[in-house]
Amino acid sequence: MRVFLIQPHGCFQLRGITHPVCRDLMMSATFLKERGFNVCVWDRCLSRKDPPGLFEAEAAVIFIAQSSSVKDAAAVSDRLRERGIPVIWADMVAVIGAPLPDVMRHCDYILMKEYFFAAEALLHAIETGGDPRAVNGIAYAENGKTVFTSAQPLPDFSLLSPIDWSLIDVEKCFRRFQSCEKMLYLNASVGCPYNCAFCSTPLCYGKRRKRPIEHVTQEIDFLVREHGLDGVNFSDELLLFTDEELEALRACRERNGNAFVWGGETRPQLLTEEMLQKMFSAGCRWLLFGLETGSERMRKRLGKQYDPNRVRETVDACTRIGIATFGSFIIGYPDESEQDLRDTAEFALSLDLDAYLFNYYVYIGGTPLYLEAEAQSRVRFESIMEYDDVVNTDQLDTNLSGVSETELATIKAWFDYLTITNRKKTAANGAAGVQFLKKAINTVTEYLHGAPAQIPAGLFNAAKRAVGVFWYPLAHPEIRRKYDLHK
Ligand code: SF4
């Protein structure tokens, strides 16, 4: 059976399929190929041109991992369905959006969280004329309503195989990052044991499940040998290796001539200096900490509590060892007060980070914060198409905080400014700020190499952000004073 697995185009997906959130597509493509399906992968971030054989496909699975790709997914789906090709939607946005009334106008089925065995059973039913409604773990439309079949348990990843990277043009997916010229997103686990009130991970990916480390190292061996991979950004929601796994990574590096380094996102309070030393020896050179807020009140509300002193200790230990640290914060939460923001600014300024990544809060359907706001009639998604516009965390969509937009914008701009002017020495040689400027320039370059229609919007966004970094703090010294924004 010939099946197309498609990544739709989204406004922020400038490069290829290995964007962090596309791992499910690659794992599923590998699984289905092994199960005997004739699998073709079409990455619309790389080419919008219809690939050969598209309209001879017997089914298509579209992985909507990013909100900004909903419209593209719908457009491709509509074209395929016009030709009688059954369309299955999968991944985060499809799962979150499944209860919305218009989703099933664009697809025939949705895979609800489990994209391997449910996909196989559904495709088999389509191929043999069986009854897809008997397949567990899917949604389908009946009499104008969306029907959900019984949940399919999430699989143990040891039942799967290492990802088959020959299914895509890996060279087109490499990105520059820190000291790396050929960095790729891989993953060693999926899901998260926590339940932060703003986050869709628990809803879409469930509790954390690890992939066998030998699968990960086999993939790295292949990618270094065949493609010169020099960096791995693990896209795990929570990157945490055991001593044995770190030893396997260290050995992998050694047999590959220490050709690659790696990093990822984790929680600082789970790390000790001893663990960080072992991580460094295994090649870890950067860590992202999702710190979200400096306000204890907000941390309680978000269900993300930690001891700020432990965070400071971990950041300092990373600096001593040679691991770059990026702290991610969210501002503009519903009902966030000026005092909450002051606490966040003060906390961020107390950390010796390499980069301060400030983003605006955006609502994600089904999360506790969304459900709370929906119950108060403050927000409600009526259509899956609305997701296409809400993804941009650089843009404030609905300000439900108790702080003015100008104040939020000034705080965000100030931390962008601190990031690009940061003189902290990094493991990647040079000042931390220079690394981020290089990253920004890379992004602009990618816009220039993107689809012609996207270039003006991409450049406009980049220019707007660049101007804002200087304009807001200069134009609003009173806000800088109010929030004690200093260097
Ligand atoms: S924000 Fe991070 S720690 Fe919290 S649930 Fe999401 S992935 Fe887990």
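**View 1. D484 is an exposed residue with positive phi.** D484 counts as exposed, with 10 C-beta neighbours inside 10 Å. A residue is exposed if 12 or fewer other C-beta atoms lie within 10 Å of its own, buried if 20 or more do, and partly exposed in between, with C-beta atoms placed from the backbone. D484 has a positive phi of about 50° although it is not a glycine. Most residues other than glycine have a negative phi. D484 lies in the segment after helix 17 (477-482). Helices (H or I, at least four residues) and strands (E, at least two) are DSSP runs, numbered from the N terminus. The model is predicted: local features need pLDDT of at least 70, side-chain atom pairs count only at pLDDT 80 or more, and totals for chains, interfaces and linings use all residues. Residues are numbered from 1 along each chain as its sequence is written.

**View 2. D91 sits in a loop and is buried.** The loop runs between strand 4 (87-90) and helix 3 (92-97). Around D91, 29 other C-beta atoms lie within 10 Å. Phi of D91 is positive, near 85°, and the residue is not a glycine.

**View 3. Seven strands form an open, mixed sheet.** Their order is 8-9-12-13-14-15-16. Strands pair if DSSP finds at least two bridges between them. Strand 8 (175-177) and strand 16 (355-360) stand at the edges; each has a single partner strand, so one side of each lacks a neighbour in the sheet. On average, neighbouring strands of this sheet are turned by 30° against each other, direction ignored. Axes are lines fitted to C-alpha atoms, for helices over the stretch in contact, and angles run from 0 to 180 degrees between N-to-C directions.

**View 4. Strand 12 pairs with strand 13.** Strand 12 (residues 231-234) and strand 13 (residues 261-266) run parallel, joined by four bridges. F234 stands opposite G264 in strand 13.

**View 5. Helix 11 lies across two strands.** Helix 11 (residues 338-349) lies across strand 15 (324-331) and strand 16. The helix runs at about 175° to strand 15. Residues are in contact if their C-beta atoms, placed from the backbone, lie within 7 Å.

**View 6. Residues surround the ligand.** They are C192, Y194, N195, C196, C199, T201, P202, E237, L238, G290 and K304. A residue is near the ligand if its C-beta atom, placed from the backbone, lies within 6 Å of it. The shell divides into six nonpolar, three polar and two charged residues. Ala, Val, Leu, Ile, Met, Phe, Trp, Tyr, Cys and Pro count as nonpolar; Asp, Glu, Lys and Arg count as charged; the others, Gly among them, count as polar.
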